[in-house]
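Okay, thanks for coming, everyone. I'd like to walk you through one model today, so let me put it up on the screen.

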Amino acid sequence: MQKRLGILTSGGDCPGLNAVIRAVVNHATLTYDWQVVGIPYATRGLLERKAIPLSIHGLDLRGIDPLLNMGGTILGSINKGDTLAHVDEIVAGYHALELDALIGIGGDGSLAILNQLQSKGNWQFVAIPKTIDNDVCKTERVVGFDTAVNTIVDALNRLTFTAASHDRVMIVEVMGRKAGHLALQSGIAGGADVILIPEIPYTIKGVCEHLAELRDRWGRRFAIVVVAEGAQIAADSSSHPSCEKPSCGMGQYIADEIRRCSNDQIDIRVSVLGHIQRGGIPSALDRLIATAFGKAAVDLLADGQSAQMVAWQNGQVVAVPLEAVLACSPCLVDPNNFLVQTARSLSTYIGNLTPAIVKTQFNVTL
Ligand SMILES: Nc1ncnc2c1ncn2[C@@H]1O[C@H](COP(=O)(O)OP(=O)(O)OP(=O)(O)O)[C@@H](O)[C@H]1O
Ligand SMILES: O=P(O)(O)OC[C@H]1O[C@](O)(CO)[C@@H](O)[C@@H]1O
Ligand SMILES: [Mg+2]
């Protein structure tokens with residue numbers, strides 16, 4: 001029987017979403033002869049009973065398919081709203097649109113919402129993880145993260161040489177309110193001297209001493225500091241920014257504190273990369289992940305499965321129950337993991353790892 005398959009994108013956009021849509025439409029249409037419709041603006045499309053037919057030839061009448069390498073999402077997305085106040089209407093929207101199955105592409109926040117809806121509505125539902133935060137549990141890869149890391153590394157490449165030319169400290173604020181994967185991985189790959197992430201509290205003293213050591217011991221008069229927008233200071237400080245707002249001001253805060261601790265002797269500039277990190281052409285790896293995930297999600301639905309998320313584990317795409325994913329998401333940086341140790345091996349300052357942090361957050365012993 002021909003299925004009518006819906007697909008939606010939810011949460012913050014990221015590169016590779018359109019590549020997922022392309023893979024799903026192609027595989028569902030060509031392999032299974034299903035009809036695929038796009039639900040615009042995530043759950044809002046279900047609420048408003050909107051569905052857009054999607055064809056394998058993409059948007060272009062001459063048959064050119066721009067979806068593989070186009071950033072953003074042609075379906076639109078939302079990361080706020082009163083979705084849970086309209087549960088019954090959204091659940092009913094799935095049935096009113098005569099969907100037989102739904103694929104939802106989202107991060108931890110969206111997947112939690114979609115999981116509630118699918119269980120209430122008895123939908124056939126498969127999730128595909130995407131997020132530049134890389135904080136979805138049970139999968140080693142998500143769509144969008146690799147491109148965002150590359151975008152930051154590109155910025156660090158540029159900033160390093162202008163910093164060196166002027167003997168400056170460059171502070172680069174990157175996204176990540178709770179999870180520091182983006183700052184950690186781009187910081188290592190981009191050669192940062194200081195990496196500050198939410199999971200490992202830092203001290204201003206630690207940052208300043210490291211900058212002084214670079215200068216006095218190694219003759220380095222410039223430095224690159226990568227700071228996640230949700231970085232945490234070790235001691236309580238009433239003036240320390242918290243990050244609930246779109247702009248947290250973390251980079252500027254650290255710049256001001258370094259100025260203070262150096263008696264204004266250090267020349268500092270701040271770059272806030274902001275939504276540049278969410279945009280752009282998806283990397284080859286993100287296209288690969290997107291395509292493999294899209295294919296696997298369609299196959300799971302064809303196999304009659306539901307309430308699953310496709311995941312990348314040990315070089316394979318596998319299915320994981322959504323409940324198991326949500327039980328451990330968001331997935332934060334383990335302060336003792338091999339990447340943190342790698343950064344430390346380069347004598348990068350990455351905050352102060354205390355036994356208390358390790359014990360309370362991760363329940364392991366040092
Ligand atoms: N479809 C939706 N409707 C209403 N609110 C949403 C929806 N999707 C996400 N949100 C809200 O946004 C919050 C955070 O979403 P967030 O931006 O983290 O999205 P995400 O799906 O986790 O993806 P990402 O983290 O990559 O942006 C969620 O906890 C929820 O409150
Ligand atoms: O689009 P908004 O609402 O500014 O969201 C920004 C947030 O979204 C994320 O980029 C995740 O998509 C976070 O890292 C960031 O804090
Ligand atoms: Mg999220």
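Let's begin with ligand 2: the residues in its shell split into two nonpolar, four polar and four charged. For that split, Ala, Val, Leu, Ile, Met, Phe, Trp, Tyr, Cys and Pro are nonpolar, Asp, Glu, Lys and Arg are charged, and the others, Gly among them, are polar.

Quick housekeeping. This is a predicted model, where local features need pLDDT of at least 70 and side-chain atom pairs count only at pLDDT 80 or more, while totals for chains, interfaces and linings use all residues. Residues are numbered from 1 along each chain as its sequence is written, chains are lettered from A and ligands numbered from 1 in the order in which they are written, and side-chain values use heavy atoms, with hydrogens and water left out.

So who sits around ligand 2? The shell is Gly12, Asn79, Ile132, Asp133, Met175, Gly176, Arg177, Glu229, His275 and Arg278, where being in the shell takes a heavy atom within 4 Å. Three side chains there offer polar atoms to ligand oxygens: Arg177 at 2.6 Å, Asp133 at 2.7 Å and Arg278 at 2.9 Å. A polar contact here is a pair of N or O atoms within 3.5 Å. The protein covers 81% of the 400 Å² of accessible area that ligand 2 has on its own, using Shrake-Rupley with a 1.4 Å probe.

Ligand 2 sits in the largest pocket, and the space taken by ligand 1 is the largest pocket too. A pocket is an open set of points on a 1 Å grid over the protein atoms alone, where a 1.4 Å probe fits, with protein on both sides within 12 Å along at least five of seven lines. To sit in it, a molecule needs more than half of its atoms within 2 Å of the grid points.

On to ligand 1. It has 17 residues around it, and the closest are Thr83, Asp108, Ser110, Lys130 and Thr131. By type, that's three nonpolar, 10 polar and four charged. Helix H4, residues 108-121, gives the most to this shell, with four residues; helices are DSSP runs of H or I with at least four residues, strands are E runs with at least two, and both are numbered from the N terminus. The Asp108 side chain puts a polar atom 2.8 Å from a ligand oxygen, and a backbone N or O atom of Gly109 does so at 2.8 Å, as does one of Gly12 at 2.8 Å. Protein cover for ligand 1 is 76% of the 590 Å² it has on its own.

Back to Arg278, which also forms a salt bridge with Asp13, the closest N and O atoms being 2.8 Å apart. The cut-off is a side-chain nitrogen of Lys or Arg within 4 Å of a carboxyl oxygen of Asp or Glu. Arg278 lies in the loop between strand E9 and helix H9, and Asp13 in the loop between strand E1 and helix H1, so the pair ties together parts 265 residues apart in sequence.

Last, two backbone oddities. A cis peptide bond joins Ser329 and Pro330, with omega about 0°. Asn122 has a positive phi of about 55° although it is not a glycine.

Definitions and conventions. Polar contact = N/O pair within 3.5 Å; in protein donor to acceptor, adjacent residues only side chain to side chain. 1 Å grid on protein atoms, 1.4 Å probe; cavity = no way out; pocket = protein on both sides within 12 Å on 5 of 7 lines; lining within 4 Å.
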